Amino acid sequence: MSAGVLDPRAAAADPWRPRVVRVLGAREEIAARGATRAVVTLQLERDGLAWRPGQFFEAGVWGAGEIPISISSPSGLDAPVHLTVRAAGTVSSLLARRAPGEAVSLRGPMGNGFPLEAWEGQDLLFVAGGIGLAPLRGLLWEVLLRRERYGRIVLLHGARSPHDLLYPWQWDDWRARGVEMRLAVDRGDGEWERHADPPRIVGFLTTLFPLVDLDPARSVAILCGPPIMIKVSCEELARRRGWPEARLVATLERHMKCGIGKCGHCLVVDRWVCMDGPVFRYDELRAMDRIEPPW
Ligand SMILES: Cc1cc2nc3c(=O)[nH]c(=O)nc-3n(C[C@H](O)[C@H](O)[C@H](O)COP(=O)(O)OP(=O)(O)OC[C@H]3O[C@@H](n4cnc5c(N)ncnc54)[C@H](O)[C@@H]3O)c2cc1C
Ligand code: FES
């Protein structure tokens, strides 16, 4: 057997070979309630892994399968790998129930990630619908580690109800580091209406756009959420609010299998979302959309 096979770093670089890491901690972000599925953040052994924000792992449970999950912690910090998982179906539910000490398999990191070096000196607008905040959290955290390199940071986060908003325990810390937060929920409750801090509304995420006073010519908007949210938000920002299409960047969650351009599950026109993406500019998405909807 060659030395490379035993080297965990060599194993990490091999996209075919899952590596097995232990769960260090698990935090319930959103409890299952009514139509809401449980959302859990797993903290996993780092084991020498490095990644770009916006990349993902194929995360698996032996005997059940593996699924793509975005990395929601920064590589630039010597901290565990964070995966925020919504219990949507078979594999994600098993992952969300993993307890400290139990094993998870990881292949990757995969995908292109966000070009955050190219955005230095720019204002950043984060637009996150529901669990779409999970991949953007990794990016936001990475940006906050280099806060002085970026201009204003505005975060719009929306969900179906106040109960479905993600990471409320981190909001005060983000705001203390200069993140301007605005919240939207489809349905409020008595408690929601009693608070005005962070500023909040009842309505779709797009109804927060008039509150954004960034200059589109020197800003980048980064979007993640349900496909319809991304489509409608990009259209609104580009057509009604003057954002150049190349300054709108979205990360897609297409159905995937292999994650390495072999199975064709994620193919849109001539682009592999798993390798060419999952991060695309809106002008790229529009070019695909003329032939086949990428949403
Ligand atoms: C690049 C990428 C990053 C992702 N990041 C995260 C993340 O950080 N956290 C997270 O919770 N989920 C994330 N997802 C979605 C996650 O991969 C799916 O929820 C998962 O594949 C469902 O698998 P399952 O076996 O649990 O459910 P299944 O039994 O396969 O399906 C359960 C339900 O989920 C739907 N579904 C399956 N795959 C997807 C998908 N890709 N997008 C939307 N719906 C799907 C099915 O149609 C079905 O209705 C990401 C997907 C991609 C492609
Ligand atoms: S997931 Fe297999 S080709 Fe992209």
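Okay, let's start at the ligand. Around ligand 1 there's a shell of residues, and four elements each put at least two residues into it: β4, which is 65–70, then β5, then α3 at 90–96, and α4. The biggest contributor is β4, with four residues, the largest share of that shell. Before I go on, keep in mind that this is a predicted model.

So how many residues surround ligand 1? The count is 21, and the closest are Ile67, Ser70, Gly89, Val91 and Ser92. If you sort the shell by class, you get twelve nonpolar residues, six polar ones and three charged ones.

Now, why do we say that ligand 1 lies between the two domains? Because domain 1, residues 3–110, and domain 2, residues 116–251, both give residues to the shell around it.

That takes us to the domains themselves. The chain is divided into those two pieces, 3–110 and 116–251. Taken over C-alpha atoms, their centres are 25 Å apart. As for how they touch, 16 residues of domain 1 are in contact with 15 residues of domain 2. On the domain 1 side of that contact, the elements giving two or more residues are β1, residues 19–30, and β5, residues 81–86. By class, that side has six nonpolar, seven polar and three charged residues. Notice that β5 has come up twice now: on the side of domain 1 that touches domain 2, and in the shell around ligand 1.

Let's look at the sheets. One of them is an open sheet of six strands, with antiparallel pairing, and if you walk across it the order is β4-β3-β6-β1-β2-β5. Which strands are at the edges? Those are β4 and β5, and each one pairs on one side only. From one strand to the next the twist averages 40°. So both edge strands, β4 and β5, are on the list of elements that supply the ligand shell.

Inside that sheet, β1 and β6 run antiparallel and are joined by four bridges. If you want one pair to find on screen, take arginine 19, whose bridge partner in β6 is leucine 106. While you're on β6, residues 103–110, look for proline 109, which sits in that strand. The peptide bond between glycine 108 and proline 109 is cis, with omega at about 10°.

From the records, there's an unreviewed UniProt entry that annotates residues 16–116 as "domain: FAD-binding FR-type". In the model, the end C-alpha atoms of that span lie 27 Å apart, and the span is 7% helix and 44% strand.

Over to the other sheet. This one is also open, but it has seven strands with mixed pairing, in the order β10-β9-β8-β7-β11-β12-β15. Its edge strands are β10, at 200–202, and β15, at 279–281, each pairing on one side only. The twist averages 20° from one strand to the next. Packed on this sheet is helix α4, residues 133–145, which touches β7, β8, β11 and β12, and its direction makes about 155° with that of β7. You've met α4 already, as one of the elements in the ligand shell.

At the β15 end, β12, residues 248–251, pairs with β15 in the antiparallel sense over three bridges. Threonine 251 has valine 279 as its bridge partner in β15.

Next, the cysteines. The unreviewed UniProt entry has a "binding site" annotation covering Cys258, Cys263, Cys266 and Cys274. They span 17 residues in sequence, yet no two of their C-alpha atoms are more than 10.4 Å apart, so they gather at one spot. Cysteine 258 itself is in the loop between β12 and β13, the latter being 267–268.

Last bit: a couple of backbone oddments to check while you have the model open. There's another cis peptide bond, from aspartate 197 to proline 198, with omega near -5°. Proline 198 is in the loop between α6, residues 190–194, and β10. And then there's tyrosine 167, which has a positive phi of about 55° although it isn't a glycine. You'll find tyrosine 167 in the loop between β8 and α5, which covers 168–176.

That's my tour. Thanks, everyone.

Conventions. Residues numbered from 1 in each chain as written. Chains lettered and ligands numbered in written order. Predicted model: local features only at pLDDT ≥ 70, side-chain atom pairs only at ≥ 80, totals over all residues. Pairing = 2+ DSSP bridges. Axes fitted to C-alpha atoms, helices over the stretch in contact; angles between N-to-C directions. Contact = placed C-beta atoms within 7 Å. Domains from an automatic or database assignment. Nonpolar A, V, L, I, M, F, W, Y, C, P; charged D, E, K, R; others polar. Near = placed C-beta within 6 Å. UniProt positions renumbered as here; feature names shortened; annotations may be inferred.
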